[in-house]
Amino acid sequence: MFRFENVSQSPLQGVTFEIKDQDKVILFGPSGAGKSTLLFLFNRLSDPEGGHIYYKDERIEKHDITSLRKNVGLVLQSPNLFPGTVLDNLKYGPALFDEWNENEARKLLDYVQLPISFLDREVDQLSGGEQQRVSLARTLANQPEMLLLDEPTSALDNRTAEEIEEVLERLIKEHQLTMLMVTHDMKQARRLGDRGLFISDGKLQEDGKIPEMLDQPDTEALYKFLEE
């Protein structure tokens, strides 16, 4: 699906890896290592200073940027909702492509376990957990192939975070989505990810299966990170 070849974008230096369909990848490392920088390269919120990114075997810049962001959905740590109602937010993306179907609204709220009565609620009246569910539903409304998740539960209390995690796990399985998730929570990494990308000092230090990476790190950098 995605291929990064010698990609640099400060602080990242010469990063090379591949993401395949339905991979469930956890991106982790110390603060300032370049995790969010890397995440934003996938849907062209930023473009690399060096190297090349390929999406579906074609240079990423050849893809229409609106279609790219439809297919590669981003969910941030703080829900970035538009002013207005839940319905306004859900239909925004599909309406750009003239694809909105009113019957989808109930289904989208079912996916994220919110009642249909929420459709007419103003988003600024929702709790943090409810807003994050709406943010997920809005991303799903675009029928993405891949989810980019930038610490989607870190601003939530433990119980709400667990509920969002369960929703994510079910959605990814049901829709056979590819996932790339940034997290600082290694227990969450074990629960949600199959593969890990460990970034430190702007470089991809390790790329492997999550349990093995966390139980038997290959590099001194990862060993130290886990000790901290």
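I began with how elements are named: helices (H or I, at least four residues) and strands (E, at least two) are DSSP runs, numbered from the N terminus. On that footing I placed Gln 9 in strand β1, which covers residues 2-9.

Before going on, I noted that this is a predicted model, in which local features need pLDDT of at least 70 and side-chain atom pairs count only at pLDDT 80 or more, while totals for chains, interfaces and linings use all residues. I also noted that residues are numbered from 1 along each chain as its sequence is written, and that side-chain values use heavy atoms, with hydrogens and water left out.

**Entry: Gln 9**

I asked whether Gln 9 is buried or exposed. Buried means under 20% relative accessible area, exposed over 50%, and partly exposed in between (1.4 Å probe, protein chains only); Gln 9 has 14% relative accessibility and therefore counts as buried. I then looked up its contacts (heavy atoms within 4.5 Å), and, leaving aside residues up to four places away in sequence, Gln 9 touches Thr 37, Leu 41, Ser 46, Asp 47, Pro 48 and Glu 49. From Gln 9 to Gly 50 I found 6.9 Å in space, C-alpha to C-alpha, although the two are 41 residues apart in sequence.

**Entry: salt bridges**

I searched for salt bridges, each being a side-chain nitrogen of Lys or Arg within 4 Å of a carboxyl oxygen of Asp or Glu, and the whole structure gave 15 of them.

Asp 47, one of the residues that Gln 9 touches, forms a salt bridge with Arg 44, with the closest N and O atoms 2.9 Å apart. Asp 47 is partly exposed, with a relative accessible area of 38%, whereas Arg 44, at 19% relative accessibility, counts as buried.

I next took the pair Lys 24 and Asp 194, whose closest N and O atoms are 4.0 Å apart in their salt bridge. Lys 24 lies in strand β3 (residues 24-28) and Asp 194 in the loop between α7 and β9 (195-200), so this pair ties together parts that are 170 residues apart in sequence. Both ends count as partly exposed, Lys 24 at 28% relative accessibility and Asp 194 at 45%.

I also looked at Asp 207 and Arg 195, whose side chains meet in a salt bridge at 2.9 Å, N to O. Because Asp 207 lies in strand β10 (residues 203-209) and Arg 195 in strand β9, the pair ties together parts that are 12 residues apart in sequence. Here Asp 207 counts as partly exposed at 40% relative accessibility, while Arg 195 counts as buried at 15%. Lastly, I recorded that Arg 3, Glu 5 and Asp 57 are linked in a network of salt bridges.

**Entry: cores and α3**

I looked for nonpolar cores, meaning sets of buried Ala, Val, Leu, Ile, Met, Phe, Trp, Tyr and Cys residues joined through side-chain atoms within 4.5 Å. The largest has 44 residues, and those with the most contacts inside it are Phe 28, Val 86, Leu 90, Leu 108 and Leu 136. To this core α6 gives the most, with six residues. Apart from it lies another core, of 27 residues, among them Leu 12, Ile 60, Leu 68 and Leu 180.

Following up Leu 108, I found that it touches Leu 90, Trp 100, Ala 137, Leu 140 and Ala 141, residues up to four places away in sequence not being counted. In α3 the buried residues are Val 86, Leu 87, Asn 89, Leu 90, Gly 93 and Pro 94, and they pack against α4 (104-111) and α5. After α3 comes Asp 98, whose phi is positive, near 55°.

**Entry: the largest pocket**

I took a pocket as an open set of points on a 1 Å grid over the protein atoms alone, where a 1.4 Å probe fits, with protein on both sides within 12 Å along at least five of seven lines; lining residues have an atom within 4 Å of a point. The largest pocket holds about 620 Å³ of space, where a volume is the space filled by probe spheres set on the points, and grid points are joined across faces, edges and corners. Of its 22 lining residues, Arg 69, Leu 74, Phe 82, Arg 138 and Asn 142 are the closest to the centre. With four residues, α2 gives the most to this lining.
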